[in-house]
There are 2 protein chains.
Amino acid sequence: MRYTTKTEYGLVCLLYMAKKMPDYVVTIKEIVQTENFSESYIEKIFQTLRGANIVTSHKGKNGGYALTRQPSEITLKVVIEALEGHTFDVYCEPETREGIVCNHFCMCGVRPIWTRTKQMLDQLYDSITLATLAGSESEVRQKVLVA
Amino acid sequence: MRYTTKTEYGLVCLLYMAKKMPDYVVTIKEIVQTENFSESYIEKIFQTLRGANIVTSHKGKNGGYALTRQPSEITLKVVIEALEGHTFDVYCEPETREGIVCNHFCMCGVRPIWTRTKQMLDQLYDSITLATLAGSESEVRQKVLVA
DNA sequence: GCAATTCAGACCAACTTAGTCTGCTTTGAA
DNA sequence: TTCAAAGCAGACTAAGTTGGTCTGAATTGC
């Protein structure tokens, strides 16, 4: 179980932006060159981020993307939900899949595990912002390099 | 992000066994009739569980499957890892994907999130056993029905 | 007006999932 | 000794998802 590359790439891009000055306008080209991603794919990811109001865009020459708010006000939860749909799919939750009769899961002893899992992940991702990540990066980088 | 049906079905089956007497031998047919699963698919799942030494099997007439140890000694982590491969795929972890050079992830600011995620899930699933689930089921069932 | 940029959406190959299917082997009991 | 009931092994497959690509707009600043 893992998140898709959309989330992975999206977070890398947002983190890149967070580390720049506030209101910094970044272009797809710039970010693709720095991070060595596929241009078309990143474009699509930014469309999703724009739809979720995490970034704004400006068309035309000197256009590009900027964060809609401070890095400290953009939580991981919001980003993951925008790119992935949800932090964790409880799957058998009746309210999330209307029309589907759940034969096994809804009332069974297994479901509470998934509810609890989602609860934990939501809480974790709600407590981490882009600023958290940007701030701890150098320190984290060192740790990893030493280990 | 969610676990596959292998894990879902596998847990339902194991929970079914846990609620029976210790050393109870269950057949695929019995469990399939009770839970309304596909026979062939459940067979495959039990092969995996046997490979992970979570159940033992006995061939031939009056054969079937039994838990290898007490429900209280079978953690969710062990079951999920057997059926899913891992509780959470940190993805860019160099040691898990030898030969693959990670361009973006390994040293970047995003990776610690996934490390932390895996840590939390591992800890959660290590603290829950089949006995926990079997024990809390009736109570959980009530809660759900009331809500 | 032109070059740089985003925007929209159709398209697609490869992979994964959730199974099915066929037939074999082992075993207990009649 | 036979036979039916079980597990065992593995090839196969349809449908869905992932991780993109590609074409061609529309918009904007210089």
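**Helix packing in chain B and the protein surface around two DNA strands**

Student: Is the crossing of H1(B) and H4(B) left-handed or right-handed?

Tutor: The model is a predicted one. H1 of chain B covers residues 5–18 and H4 of chain B covers residues 76–84. The hand of the crossing of H1(B) and H4(B) is right-handed.

Student: What orientation does H1(B) have to H4(B)?

Tutor: The two helices pack with their axes 9 Å apart, at an angle of about 135°. An angle that is neither under 35 nor over 145 degrees, and outside 65 to 115, is classed as oblique. H1(B) is therefore, relative to H4(B), oblique.

Student: How many residues of the contact of H1(B) with H4(B) are nonpolar?

Tutor: H1(B) brings B:Lys6, B:Thr7, B:Gly10, B:Leu11 and B:Leu14 to this contact, and H4(B) brings B:Leu76, B:Val79, B:Ile80, B:Leu83 and B:Glu84. Two residues of the contact are polar and two are charged. The number of nonpolar residues is six.

Student: What orientation does H2(B) have to H3(B)?

Tutor: H2 of chain B spans residues 28–35, and its axis comes within 10 Å of that of H3(B), crossing at roughly 125°. H2(B) passes H3(B) in a right-handed crossing. The angle means that H2(B), relative to H3(B), is oblique.

Student: How many charged residues does the contact of H2(B) with H3(B) have?

Tutor: From H2(B) come B:Ile28, B:Lys29, B:Ile31 and B:Val32, and from H3(B) come B:Glu39, B:Ile42, B:Glu43 and B:Phe46. Five residues of this contact are nonpolar and none is polar. The number of charged residues is three.

Student: Which elements each supply at least two residues of the surface near DNA strand C?

Tutor: DNA strand C is surrounded by 25 residues, and the closest are A:Gln47, A:Ser57, A:Tyr65, B:Tyr9 and B:Ser38. By class, this surface has four nonpolar, 13 polar and eight charged residues. The elements in question are H3 (39–51), S1 (55–58) and S2 (64–67) of chain A, with H1 and H3 (39–51) of chain B.

Student: What percentage of the atoms of DNA strand C within 4 Å of the protein belong to sugar or phosphate?

Tutor: Some polar contacts involve phosphate oxygens: one lies 2.9 Å from a polar side-chain atom of A:Arg50, and one lies 3.3 Å from a polar side-chain atom of B:His58. A polar backbone atom of B:Thr5 is 3.1 Å from a phosphate oxygen of the strand. Bases account for the rest of the atoms in question, and the share of sugar or phosphate is 75%.

Student: Which elements give two or more residues to the surface near DNA strand D?

Tutor: The strand's polar contacts include a phosphate oxygen 2.5 Å from a polar side-chain atom of B:Ser57. The elements with two or more residues at this surface are H1 (5–18) and H3 of chain A, with H3, S1 (55–58) and S2 (64–67) of chain B.

Student: Which residue has a polar backbone atom 3.5 Å from a base oxygen of DNA strand D?

Tutor: There are 25 residues around DNA strand D, the closest being A:Tyr9, A:Ser38, B:Gln47, B:Ser57 and B:Tyr65. Of the strand's atoms within 4 Å of the protein, 76% are sugar or phosphate and the rest belong to bases. An N or O atom in the side chain of A:Asn62 is 3.3 Å from a sugar or linking oxygen. The residue with a backbone atom 3.5 Å from a base oxygen is A:Gly60.

Definitions and conventions. Residues numbered from 1 in each chain as written. Chains lettered and ligands numbered in written order. Predicted model: local features only at pLDDT ≥ 70, side-chain atom pairs only at ≥ 80, totals over all residues. Heavy atoms only, no water. Axes fitted to C-alpha atoms, helices over the stretch in contact; angles between N-to-C directions. Helix = DSSP H or I, 4+ residues; strand = E, 2+ residues; numbered from the N terminus. Left-handed = near helix turned anticlockwise from the far one by under 90°. Contact = heavy atoms within 4.5 Å. Nonpolar A, V, L, I, M, F, W, Y, C, P; charged D, E, K, R; others polar. Near = heavy atom within 4 Å. Polar contact = N/O pair within 3.5 Å; in protein donor to acceptor, adjacent residues only side chain to side chain.
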